[in-house]
Amino acid sequence: RGREREEICIQMLSVQPDTKPKGCAGCNRKIKDRYLLKALDKYWHEDCLKCACCDCRLGEVGSTLYTKANLILCRRDYLRLFGVTGNCAACSKLIPAFEMVMRAKENVYHLDCFACQLCNQRFCVGDKFFLKNNMILCQTDYEEGLMKEGYAPQVR
């Protein structure tokens, strides 16, 4: 059996004044607004295309919606309900499917846990980090470890 597509693009279209008004899939009334949304091969008022869980207007939160089990959902609720969860490689606590994470090879981390596991220095965008023996290390701790092992890094 083919897998149904769960992520759907939302298009915002201008309503042309000389065209016959389209019917809204949400409320069944004619769309007389300046703009309409097209998703799931149907047309919607901007107010009618909403997440079934949190009621947010999907045209405002992004250009995609998610559908599963006859529900129309925003990304956060889709992941909360159907996403895969896992455990943080640093603290071993559960990471909810909707939470932002950091990855290093096959390891996944909470944003707050993505720090050197020896000195606890948090990494900023662009910082170098090293993965050694499944531990995240800052450059200083990594190089100190190499020196203890007898491998001095080459300085150029």
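**Exercise 1. Surface.** Work out what share of the chain's accessible surface belongs to carbon and sulfur atoms.

*Solution.* Keep in mind that we're working with a predicted model. Start with the total: the accessible surface of the chain is about 11,200 Å². Then split by element, and carbon and sulfur atoms take 48% of that area. Now turn to burial: with buried set at under 20% relative accessible area, 26% of the 156 residues make the cut.

**Exercise 2. Overall shape.** Check how the chain stacks up against a compact globule of 156 residues.

*Solution.* Get the reference value: such a globule would have a radius of gyration near 15 Å. Next, take the chain itself, which comes in at 24 Å. Then look at the box along the principal axes: the C-alpha atoms fill roughly 80 × 35 × 30 Å. Finally, bring in the contacts: among those with a separation of 6 or more, 25% join residues 24 or more positions apart.

**Exercise 3. Annotated segments.** Find the stretches that carry the "domain: LIM zinc-binding" annotation and describe their secondary structure.

*Solution.* First, the whole chain: it has three helices and twelve strands. Then go to the UniProt record, an unreviewed entry, which puts the annotation on residues 22-84 and 86-148. Residues 22-84 are 19% helix and 25% strand, with end C-alpha atoms 38 Å apart. For residues 86-148, you get 16% helix and 32% strand, and the end C-alpha atoms sit 34 Å apart.

**Exercise 4. Charges.** Count the charged side chains and locate the centres of the two sets relative to each other.

*Solution.* Tally the signs: 25 side chains are positive and 19 are negative. Then compare the centres of the two sets, which lie 6 Å apart.

Key:
Residues are numbered from 1 along each chain as its sequence is written. This is a predicted model: local features need pLDDT of at least 70, side-chain atom pairs count only at pLDDT 80 or more; totals for chains, interfaces and linings use all residues. Side-chain values use heavy atoms; hydrogens and water are left out. Helices (H or I, at least four residues) and strands (E, at least two) are DSSP runs, numbered from the N terminus. The radius of gyration is taken over C-alpha atoms; the globule rule is 2.2 Å times the number of residues to the power 0.38. Buried means under 20% relative accessible area, exposed over 50%, partly exposed in between (1.4 Å probe, protein chains only). Contact means heavy atoms within 4.5 Å. Accessible areas come from the Shrake-Rupley method with a 1.4 Å probe; for residues, only the protein chains shown count as cover. Lys and Arg count as positive and Asp and Glu as negative; His and the chain ends are not counted. The place of a charge is taken as NZ of Lys, CZ of Arg, CG of Asp or CD of Glu. UniProt positions are given in the numbering used here, feature names are shortened, and annotations may be inferred rather than shown by experiment.
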